[in-house]
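Welcome! Let us take a walk through this structure together, beginning with its ligand and ending with one of its pockets.

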Amino acid sequence: MSTPDSTLPTEPTSGQTTGQDPTFADLGLPAPLQAAVDDLGFTTPSPIQARAIPELLAGRDITGVAQTGTGKTAAFGIPLLAALDPRASVAGGHVQALVLAPTRELALQVAEAVESFATHLPGVRVTSVYGGSPYQPQQRALRDGVHVVVGTPGRVMDHLERGTLSLDGVKFLVLDEADEMLRMGFAEDVETIFGQAPAKRQVALFSATMPPAIRAVAETHLTDPVAIAVSRQSSTVSTVEQTYAVVPFRHKIGSLVRVLATSDADATIVFTRTRKDAEEVGAALVERGTAAATISGDVAQKEREKIVERLKSGALDVLVATDVAARGLDVDRIGLVVNFDIPREPEAYVHRIGRTGRAGRTGRALSFVTPHERGKLKHIERTIRTTLAEVEIPSPRDVSEHRARRLLDAVGTRIEAGRLDLYTRMLQERAGSASDAADAEGTSAPVEGGDDALQVAAALLALAVGDDGPQQRAAQEEHERERAEAKGGRTRETHRAERTERDGDRTGRHPRSDRDRDDRGRGIRRPAAGTRYRISVGHTHGAQPRGIVGALTHEGGLSGSDIGKIDIFGNFSLVDITRPLDDADMNRIGRAHVAGKALRISVDKGAPERRAPRTERPRTDRRPARTA
Ligand code: ADP
Ligand code: MG
């Protein structure tokens, strides 16, 4: 079951007998929703929209498998609004529609989109609820009455438990990015939430993939769902030009700087696998004069939102991010995605490059592949059934040329703007003195062969682009040597570079898979850096992550965003807490209870049997060592 490959806004869907692209008008939307779609400038539904909207309007449940950027929000958001009863009372938290999203960022984004579809539905209110932010405003909104709640499962559960949200009147339930939600450990919450909604409700479940766990959810909670799939490539292939370059590990930063310096993209996202790499790359760019910001799970939510805003507004052009931090990021200006590390999973690759080529624009993706990673590249190519084109990393000379060309492009406009007399006079004086000098030497030609004006202009260009001559030549020669080396294949140099890289993996300097996982918080449970604490409750006491977070936040006075990774062991648990705790904090937490047991807390000293062997590195790292 799949529609042909296509992109937003879209190409025709198969089976369309008219031979015309289906329009939103063909989908039979209620007038206020059609008006909203017109306002947004959506003319043609995307394939997932063209298939899902009619089914949902007809009251069916659906499962939708589609990648990021395929327009899923409107696919459920529009029918969800059509299903509401704007006259029925929603005060006291009796919402009519609930959308679950894995992260705060996605919840905000979806709520914003649903609001934009509801502009012609006066009185219909939408709100979002998520962790890491105070309850009160959310409670107030729910009490006053909202029709649609978009929330992370954790916070939705909290509101249900507090009685500030009721699902009794829910007509429409959506699981957005269901696979991600389960991966983040929300399975239990999702079950509970389904259990609290009326048996008669409509459900739309969206997921990038359909693993057995998601299939099971669909089988248990959906009624005779229509399965809709948009083929894997649809979100990317035709709008994103996919390229790769072979770059030895130690040349990656230099290569990245030159790629950015020669890119015409409005904005760029650079992806790294781990938080540490993101920070290092971000810092290296800033050091070399590229204004770049970094977002990883470590960045506080407020800060992250600010960064995304700056990226949207054009105040920021380069963002370095980990997969999870950038998940769902929807910024039209992104014209280039650089995979600083090639992702291991083809899924991640598709997600990453889906950050560009959005909203009908075209984009480019460039993946850095070290010589020994060609196998990974092949694996991705096979999975996405696309061949990536190999490109060369720009040389220092290319960078100068690019900069100079930009300056030259601006010359015409500058001449038109006038007021150049100061500079023409200076150049005339210079030309005069040059020819005087030439006369004095008894030669008639101006200095250094040929046209003095051209020489002067060339020197000015060189100065303007930062090409001082000798250094630039050395950089260019160095670049050419490196190229020859990479082409020549496995010289000793590249061997060494690769080995260092692999060693990095093996010694746990980059415990990649772990770190990637850490990067996801449980919505309110922000990822961990900071100090690892040991608390005195574990499996044997029936401790659950939610209970621990609840005790730490309610009684312990921490906020959800202070709490990172939680590992539960037999009779104790380890919790990463990202802000420093003083004695008062420790005392307060010590009085909290989980599963009826007082929560004694101490800094984790790290029993050796729980540690991966890492004798060579003292724990200078601000990040605590991970348990296996
Ligand atoms: P997904 O949830 O599948 O990742 P989104 O719903 O976030 O995708 O949509 C991606 C982008 O495409 C958004 O900027 C959205 O406004 C835009 N978009 C969605 N549907 C259409 C359409 N039919 N025509 C034009 N743009 C659209
Ligand atoms: Mg989405």
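A polar contact here is a pair of N or O atoms within 3.5 Å. Keep that cut-off in mind as you look at ligand 1 in this predicted model. A polar side-chain atom of K72 sits 2.9 Å from an oxygen atom of the ligand, so this pair falls within the cut-off for a polar contact. Q49 also reaches ligand 1 with its side chain, placing a polar atom 2.8 Å from a nitrogen atom. T70 takes part through its backbone instead: a polar atom there is 3.0 Å from an oxygen atom of ligand 1. On its own, ligand 1 has 560 Å² of accessible area, and the protein covers 84% of it.

Now look at the ligand's wider surroundings. There are 16 residues around ligand 1, and those that come nearest are T44, Q49, G69, K72 and T73. Sorted by class, this shell holds nine polar, four nonpolar and three charged residues.

Next, let us turn to the second largest pocket, which holds about 710 Å³ of space. It is lined by 33 residues, with V257, R258, L260, A261 and R403 closest to its centre. Which elements give two or more residues to this lining? They are α10 (252–261), β9 (267–272), α15 (396–417) and α18 (470–487). Domain 2 (240–394) and domain 3 (399–489) each supply at least three residues to the lining of the second largest pocket. By class, that lining has 13 nonpolar, twelve polar and eight charged residues.

Methods:
Residues numbered from 1 in each chain as written. Chains lettered and ligands numbered in written order. Predicted model: local features only at pLDDT ≥ 70, side-chain atom pairs only at ≥ 80, totals over all residues. Heavy atoms only, no water. 1 Å grid on protein atoms, 1.4 Å probe; cavity = no way out; pocket = protein on both sides within 12 Å on 5 of 7 lines; lining within 4 Å. Points joined across faces, edges and corners; volume = space filled by probe spheres on them. Helix = DSSP H or I, 4+ residues; strand = E, 2+ residues; numbered from the N terminus. Nonpolar A, V, L, I, M, F, W, Y, C, P; charged D, E, K, R; others polar. Domains from an automatic or database assignment. Near = heavy atom within 4 Å. Polar contact = N/O pair within 3.5 Å; in protein donor to acceptor, adjacent residues only side chain to side chain. Areas by Shrake-Rupley, 256 points an atom, 1.4 Å probe, with all protein chains shown as cover.
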